[in-house]
Amino acid sequence: MRIFKTLLFFLVFMLFFAACQSKKERWIFLSHTYQWGNNEKLDERIEAKDLSGYEMVLIGGDILGNTTQKESNLNYLKEQLNINHEKVLWAVGNHDTKSGNAHWIPKHTKRPLEYIYNHKNVIFQVFNASYVSEQKTGLPKSCKLIKNQINVLQSIADTIKQSSQFILLSHLAFWGDIDTTLKYYSNYDQSNRNQFNCSKHDNGHLGFRHTIWPILKEIKEKGVEVIVLAGDFGQKAKRYEWKDEVGIQYLGCGINNSILKNPNNIKKYKYIKNLNNEFLLEFEYNPTLRKLKWEFVPLKNYLSFIGTN
């Protein structure tokens, strides 16, 4: 009888272990994927990449050099990145909207520029900070649209119960007032000094620490893993990973090395500081165990890739 119970326990354990292993999902995060010198094409390495094995595709913006310059670009992105699929989440960047035709994006993706998505105990908020950006974005300067998103975040914090992870997906890396080293990593300096200047504080305009961060802290204190994921990287640093004092995780990466195709560009665009090898960010999610892991996966050297294709 004891042997039978031992064998039964072992069988149940093995079945549970096998179920946990079989249900793992792969997700991928990519950003700043445009091909330098061509407003209508992806970096050749992204164009050639097979994304069919990923359950979720997370995009951190600046997909093309001028994504909404032509509506046909959106059709191209539907073919290449399946942007109209519900499990492809896209936080738009300034290169995606600067032509002033941002309305084409919801037309083709069938959802707004900022939204909530739930996936197997993981809540995503696709956040659009461009409404207070100093860059040319083609979007209105709107305190109301920023406040609306912050209110949505607060409603998540107030009601979240069963979720294991919360991921804030953004193009801009706008938490420079809590990580003072961010300016050495994210592309545009404004990403680090971005102020949600719709409200006032005794010390001036309110930044990330006084608006977004307290709400993320509330979510974290409920036992939920909190990740802030941004795509405005690649020109100064190819990857970014940092955790704050309460355990909120910040991640980012972006690609930029298609600039190497034309050496004159390197001399012209002096703000490009880093031409080292690049990375995409891959996640492994186990819905059964509700565990999320990630790693930065190297991309093939750009010049080597185009030289062999």
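Which side chains meet in a salt bridge, E40 and which other residue? In this predicted model, where local features need a pLDDT of at least 70, side-chain atom pairs count only at pLDDT 80 or more, and totals for chains, interfaces and linings use all residues, the partner of E40 is K70, and the N to O distance is 2.8 Å. Residues are numbered from 1 along each chain as its sequence is written, and side-chain values use heavy atoms, with hydrogens and water left out. A salt bridge here is a side-chain nitrogen of Lys or Arg within 4 Å of a carboxyl oxygen of Asp or Glu. E40 belongs to strand β3 (residues 38-42), while K70 sits in the loop between β4 (56-59) and α3 (72-81), so this salt bridge ties together parts that are 30 residues apart in sequence. Helices (H or I, at least four residues) and strands (E, at least two) are DSSP runs, numbered from the N terminus. E40 is partly exposed, with a relative accessible area of 29%, and K70 is partly exposed with 38%; in these terms, buried means under 20% relative accessible area, exposed means over 50%, and partly exposed lies in between, with a 1.4 Å probe and protein chains only.

The structure as a whole holds 14 salt bridges, and its secondary structure comes to 10 helices and 15 strands. Of the 309 residues of the protein, 53% count as buried. The protein exposes about 14,600 Å², of which carbon and sulfur atoms supply 52%; such areas come from the Shrake-Rupley method with a 1.4 Å probe, and for residues only the protein chains shown count as cover. Among the contacts (heavy atoms within 4.5 Å) with a separation of 6 or more, 69% are between residues 24 or more positions apart.

A second group of charged residues can be followed from R45. The salt bridge between R45 and D43 has its closest N and O atoms 2.9 Å apart, and another joins R45 to E278 at 2.5 Å, N to O. E278 lies in the loop between α9 (263-268) and β14 (279-286), and R45 lies in helix α2 (residues 44-47), so the pair ties together parts that are 233 residues apart in sequence. R45 is buried, with a relative accessible area of 5%, D43 is buried at 0% relative accessibility, and E278 is buried too. Together with K238, the residues D43, R45 and E278 are linked in a network of salt bridges.

From there the reader can turn to helix α6. This helix (residues 143-159) has 17 residues and reaches 24 Å from its first C-alpha to its last, close to the 24 Å expected at 1.5 Å a residue, where the expected span is 1.5 Å times one less than the number of residues. An α-helix has 3.6 residues a turn, so residues three or four places apart point the same way. In α6, the residues I146, Q149, I150, L153, I156 and A157 are buried, and they fall within an arc of 110 degrees when seen down the axis, so they line one face of the helix; the arc is that of the directions from the helix axis to the C-beta atoms. The cover over these buried residues includes β6 (115-119), β7 (122-127), β8 (165-170) and α8 (208-221), whereas the face of α6 turned away from its buried side carries the exposed residues K144, D158 and T159. At the N-terminal end of α6, S142 acts as a cap, with a side-chain oxygen 3.5 Å from the backbone nitrogen of K144.

The end of α6 also leads to K222, found in the loop between α8 and β11 (225-230). Leaving aside its neighbours within four places in sequence, K222 is in contact with A157, D158, T159 and I160. At 43% relative accessibility, K222 counts as partly exposed.

Helix α3 offers another example of a helix with a buried side. Its buried residues are N73, L74, Y76, L77 and L81, which cover an arc of only 155 degrees around the axis, and this puts them on the same side of α3. What covers them includes β3, α2, β4, β5 (88-90) and α5. After α3 comes N82, whose phi is positive, near 55 degrees. One of the covering elements, α5 (residues 104-109), contains K107, which counts as partly exposed at 47% relative accessibility.

Conventions. A polar contact is a pair of N or O atoms within 3.5 Å; within protein, one must be able to donate a hydrogen and the other to accept it, and residues adjacent in sequence count only if both atoms are side-chain atoms.
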